[in-house]
Amino acid sequence: RPTRKTIWYPSVSIQLQMEAFIGGERRALELENIHHRDPIPMASICDGLFTTSGVDGRRQSDGTLPRGVPGQAEQMLRNLDTLLAQAGGSAADLVHVTSLVGSRNYIPDVRAAWAQRFPDGGPALQFVELGLVARDILVQVIGQGVVPTDGRSGR
C-alpha cells in the first residue's frame, strides 16, 4: 500500500504521487491515536527513502485537533518529527515538504510555524490548496526525505 492516495476531493479530478525504491523492504510508520480513514500508513521507510501520507495536526495524546491554523500547523510539524524519529532520522533528513492547505489564506500561519521550526529555512517547501475532506482539519503536510541507513542523521 502506498503512503498517499487520493480518490476524490471537491477540487481535484486526478492526483498521482509515487515514490519508489526498487527491491527495498518497506516498513509502515504510524502515530499513536491518529489514523486515516483509508487503510494506508502515516509514513513509510524503504531502504532509507522516507515518505509520508497527509500528516495533520491532531494531538497524539488523544487524537484531538488544536483550534485554528497556527496550533494545527505547529502540531503537524511535531507529528512529522515523530515519524522521522521512528524512521531513525530527523528533520535534517527531509528533502521536500508539501503543505496541503484548505485555503491559501492559511499559508502565512503555516509559514510562521515553519520558520519557528526551521529558522535556517529548512527543506524545500511548497503549498497546494486542496479542499480537505475533514472540515476541521485545516492543514496537512506530506514529507519526503532520505534517512541514512548507517544510523547517522542529517544532510
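Which strand is Leu-49 found in? Leu-49 sits in strand β3. This is a predicted model, so take everything below as read off predicted coordinates. At 22% relative accessibility, Leu-49 counts as partly exposed, because buried would mean under 20%. Its C-alpha atom is separated by 9.4 Å from that of Thr-149, and the two residues are 100 apart along the chain.

**The sheet**

Strand β3 belongs to an open sheet of 6 strands. Reading across, the order goes β1-β2-β3-β6-β4-β5, and the pairing is mixed. Who stands at the edges? That would be β1 and β5 (124-129), each with a single partner strand, so one side of each has no neighbour in the sheet. On average, neighbouring strands are turned by 15 degrees against each other, direction ignored.

At the β5 end, strand β4 (residues 94-101) runs parallel to β5, and 6 bridges join the two. Val-101 stands opposite Glu-129 in β5. Helix α1 (residues 68-86) packs on this sheet, and the strands it touches are β1, β2, β3, β4 and β6 (139-146). The direction of α1 makes about 25 degrees with that of β6.

**Two helices that meet**

Now for helix α1 and its helical neighbour. Two packed helices are described by the angle between their axes and the distance between the axes. Here the axes of α1 and α2 come within 8 Å and cross at roughly 45 degrees. That angle makes α1 oblique to α2. The crossing of α1 past α2 is right-handed. On the α1 side, the contact is made by Val-69, Pro-70, Ala-73, Glu-74, Met-76, Leu-77 and Asp-81. On the α2 side, the residues are Asp-109, Val-110, Ala-113, Trp-114, Gln-116 and Arg-117.

**Salt bridges**

Side chains of opposite charge can pair when their charged atoms come close. How many salt bridges does the count come to? The count comes to 2. One of them pairs Arg-117 with Asp-81, with the closest N and O atoms 2.8 Å apart. Arg-117 lies in helix α2 (residues 107-117) and Asp-81 in helix α1, so the pair ties together parts that are 36 residues apart in sequence. Both names also turn up in the helix contact listed above. Arg-117 is partly exposed at 31% relative accessible area, and Asp-81 is partly exposed too, at 24%.

Asp-56 and Arg-58 form a salt bridge as well, again with the closest N and O atoms 2.8 Å apart. Is Asp-56 buried or exposed? Asp-56 is buried, at 2% relative accessibility. Arg-58 also counts as buried, because its relative accessible area of 16% is under the 20% cut-off.

**Two loop residues with positive phi**

A couple of residues other than glycine have a positive phi, and they go side by side here.

| Residue | Phi | Loop | Relative accessible area |
|---|---|---|---|
| Asn-33 | near 70 degrees | between β1 (26-29) and β2 (43-46) | 36% |
| Asp-47 | near 45 degrees | between β2 and β3 (49-52) | 41% |

Asn-33 is partly exposed, and so is Asp-47. The loop holding Asp-47 leads back to where we started, since it lies between β2 and β3 and Leu-49 is found in β3.

Technical notes. Residues are numbered from 1 along each chain as its sequence is written. This is a predicted model: local features need pLDDT of at least 70, side-chain atom pairs count only at pLDDT 80 or more; totals for chains, interfaces and linings use all residues. Side-chain values use heavy atoms; hydrogens and water are left out. Helices (H or I, at least four residues) and strands (E, at least two) are DSSP runs, numbered from the N terminus. Buried means under 20% relative accessible area, exposed over 50%, partly exposed in between (1.4 Å probe, protein chains only). Two strands pair if DSSP finds at least two bridges between them. Axes are lines fitted to C-alpha atoms, for helices over the stretch in contact, and angles run from 0 to 180 degrees between N-to-C directions. Contact means heavy atoms within 4.5 Å. A salt bridge is a side-chain nitrogen of Lys or Arg within 4 Å of a carboxyl oxygen of Asp or Glu. Angles under 35 degrees count as roughly parallel, over 145 as roughly antiparallel, 65 to 115 as roughly perpendicular and the rest as oblique. A crossing is left-handed if the near helix is turned anticlockwise from the far one by less than a right angle, and right-handed if clockwise.
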